[in-house]
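Biologist: I'm new to this one. Could you show it to me and let me ask how you know what you say about it?

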Amino acid sequence: MAKCSVCGKGVVFGHSVSHSNRKTNRTWKPNIRKVKVVENGTPKTICLCSRCLRTLKKADRA
């Protein structure tokens, strides 16, 4: 499932609009990556969006 386990970002639905203004359904999917994270001393595999992954890497540096 395309959903971030930290922020809950998921699939967004909308319309693709052509030049002649015809509307067809489309989706925008988040950039989800499976990442191993050590949480309370135990390694876990969680699904993170690229924004949360970037924030997590910044927190590890500090």
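Biologist: Why is Asn40 called exposed?

Modeller: Exposed means over 50% relative accessible area, buried means under 20%, and partly exposed is in between (1.4 Å probe, protein chains only). Asn40 has a relative accessible area of 77%, so Asn40 is exposed. Bear in mind that this is a predicted model: local features need pLDDT of at least 70, side-chain atom pairs count only at pLDDT 80 or more, and totals for chains, interfaces and linings use all residues. Residues are numbered from 1 along each chain as its sequence is written, and side-chain values use heavy atoms, with hydrogens and water left out.

Biologist: Where is Asn40 placed?

Modeller: Asn40 is in the loop between strand E3 (32-39) and strand E4 (42-49). Strands (E, at least two residues) and helices (H or I, at least four) are DSSP runs, numbered from the N terminus.

Biologist: What makes the phi of Asn40 worth a look?

Modeller: Its sign: the phi of Asn40 is near 55°, a positive value in a residue other than glycine. Most residues other than glycine have a negative phi. Asn21 also has a positive phi, near 70°, and lies in the loop between strand E1 (12-17) and strand E2 (23-28).

Biologist: Why is Asn21 called partly exposed?

Modeller: Asn21 has 49% relative accessibility, which falls between the two cut-offs, so partly exposed is the word.

Biologist: And how do you know that Cys4 is buried?

Modeller: Cys4 comes out at 4% relative accessibility, so Cys4 counts as buried. Cys4 is also one of the eight residues in the largest nonpolar core. Such a core is a set of buried Ala, Val, Leu, Ile, Met, Phe, Trp, Tyr and Cys residues joined through side-chain atoms within 4.5 Å.

Biologist: Which element gives the most to this core?

Modeller: That's E3, with three residues. E3, E4 and helix H1 (50-61) are the elements that give two or more.

Biologist: Why is there no disulfide between Cys4 and Cys7?

Modeller: A disulfide is a pair of cysteine sulfur atoms within 2.5 Å. The closest cysteine sulfur to that of Cys4 is in Cys7, 3.7 Å away, so the pair is too far apart for a bond. By this rule the count comes to zero disulfides.

Biologist: What does Cys7 contact, then?

Modeller: Leaving aside neighbours within four places in sequence, Cys7 is in contact with Cys49 and Cys52. Contact means heavy atoms within 4.5 Å. The C-alpha atoms of Cys7 and Cys52 are separated by 7.4 Å, with the two residues 45 apart along the chain.
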